[in-house]
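Me: I've got a model open and a few labels on it that I'd like to see justified. Can you walk me through them?

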Amino acid sequence: MRRLTITDVAREAGVSTTTVSRYLNGHFEKMGEETKERVAKTIKRLNYAPSASAQKLRQNESHLVGVLVGEISNPFSSLLSKGIYDVLQGAGYDILLMNADNSTATEARALQRFVAQQVDGVIAQPSAIHFSQFQTLTDANIPLVLVDREVPDQPATVGRVTSANQDACYYLGPTLVERGYQNIITISAHFAEASGQIPRIAGFQKASRTFGFNYSNIETKGHDKAWLRATLSHQLARLTGRTVIISLMGPVLFDLLAVFKELGLKFPKDVGLVSFDDWEWSRYVSDDGIFLLRQDMELMGNMAATALLKQLQTKTLTSPTTLLPVTTIDRPSL
C-alpha cells in the first residue's frame, strides 16, 4: 500500500501543502482556527504520520545546500552556480552541486540524494516541466527555490527567480519594425522539458501577431550543422523582405556563426543577427559585435541564494517570485 504523503493530506483538507507543513511544525501564527481544526481532523482521519527522516531533517541543520543545475557544461549554469556560491559560502553554508544533464530521470535521482544527505535547502534549475518532480522536497519540509527555467504548475508559495524572457522578446518587436525587418527566424535547442526558450518563443509569437512579422522557429535538437545549414537556407529562399535570425541560447550561436560563414551570409547586410546570453566574447565577432538580449547569470544566482537564505532564517517554506530584467545590448549586427 502506498505511504500517505503531506500532499494527500493537503488535498483531502482542501489546503496547501505549506499549510499542512506549518501545522505539523507547530507554526499556527497565520492559520485560522477553522483551517487548523480541518487539518487536524484530516490528519486524524487518514491516520497520517510524517516520516521520521523528514522530521529529523527539519530539527537538525546540516549547513549544506543542494544546488542542481540543468547542464553543468553550459557556461550559463557555471555562472549561475558561482552566483549562488558567493552568497551561501559567505553565510556559512557548503554546497552539494549536482548536474541533471537535462534529464528528468537524473534530476529525480539528484533530488532524492539531497533528501538522503539531509540538506537544509535546495536551489534547482529545473529540467522537468511539472512540479510533481519536486514534491519530494516539499513533503520533507525542505525550502526550495527554482531558478531560470519556468515550471508552469509551480505553487505560488514556492520561490522562483527567473528573467523576463517573454517580455524581452515581445518588446524587441518595435526595434525590428523600425529597422525594416519583416521576418523573424528563431533557432532553438530544447534539451530539457523546462527550457528557458519556451517563453522566448512565446514572446516572439506574440510580437509577430502584434507587429505583423512572418515568424518561424527552427528546432536543432537531434540535428547537426549540415541539417541546420540546409534548413536555414531553404527557409531564407522562401522569404521576401528583411529577415532577422535570433539564437535563443548562447551555445546555438556557435553553430549559427559557422553556418553563416558556410553560406556566405553577412550581418546585417544579408540578415540581421540577435542572440540571447553573452560570455563577453561576442563583442569581438565581426567589427562591432552581436546584438544581445543579455541575462545576468551571477545576479540570478545571488538572488536565488538570498531568497533561500531568508527561508532558512525565518523557518518557512514560502518565498516570492523574482523577475529579473533582460538587458538589451545594441550592436550593429541588427
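**Labels and the values behind them**

Reply: Sure, and keep in mind that this is a predicted model. Let's start with Ser247: leaving out neighbours within four places in sequence, Ser247 is in contact with Ile187, Val252, Leu253, Leu256, Val274, Ser275 and Phe276. Ser247 sits in strand E8, residues 242-247.

Me: Why does Ser247 count as buried?

Reply: Buried means under 20% relative accessible area. Ser247 comes in at 0%, so it counts as buried.

Me: What makes the link between Ser247 and Met249 a polar contact?

Reply: The cut-off is a pair of N or O atoms within 3.5 Å. A polar atom of the Ser247 side chain lies 2.7 Å from the backbone oxygen of Met249.

Me: How do you know that Glu107 is buried?

Reply: By the under 20% cut-off again: Glu107 has 0% relative accessibility, so it counts as buried. Glu107 lies in helix H6, residues 104-116, and its side chain reaches the backbone nitrogen of Ser127 at 2.7 Å. Not counting residues up to four places away in sequence, Glu107 touches Leu68, Ala100, Gln125, Pro126, Ser127, Ala128, Gln133 and Phe134.

Me: Why is H1 called roughly perpendicular to H2?

Reply: Helix H1 (residues 6-13) and helix H2 (residues 17-24) pack at about 110°, with axes 8 Å apart. Angles of 65 to 115 degrees count as roughly perpendicular, so H1 gets that label relative to H2.

Me: Which residues meet there?

Reply: Ile6, Thr7, Val9 and Ala10 from H1 meet Thr17, Val20, Ser21 and Leu24 from H2. By class, that contact has 5 nonpolar, 3 polar and no charged residues.

Definitions and conventions. Residues are numbered from 1 along each chain as its sequence is written. This is a predicted model: local features need pLDDT of at least 70, side-chain atom pairs count only at pLDDT 80 or more; totals for chains, interfaces and linings use all residues. Side-chain values use heavy atoms; hydrogens and water are left out. Axes are lines fitted to C-alpha atoms, for helices over the stretch in contact, and angles run from 0 to 180 degrees between N-to-C directions. Helices (H or I, at least four residues) and strands (E, at least two) are DSSP runs, numbered from the N terminus. Angles under 35 degrees count as roughly parallel, over 145 as roughly antiparallel, 65 to 115 as roughly perpendicular and the rest as oblique. Contact means heavy atoms within 4.5 Å. Ala, Val, Leu, Ile, Met, Phe, Trp, Tyr, Cys and Pro count as nonpolar, Asp, Glu, Lys and Arg as charged, and the others, Gly among them, as polar. Buried means under 20% relative accessible area, exposed over 50%, partly exposed in between (1.4 Å probe, protein chains only). A polar contact is a pair of N or O atoms within 3.5 Å; within protein, one must be able to donate a hydrogen and the other to accept it, and residues adjacent in sequence count only if both atoms are side-chain atoms.
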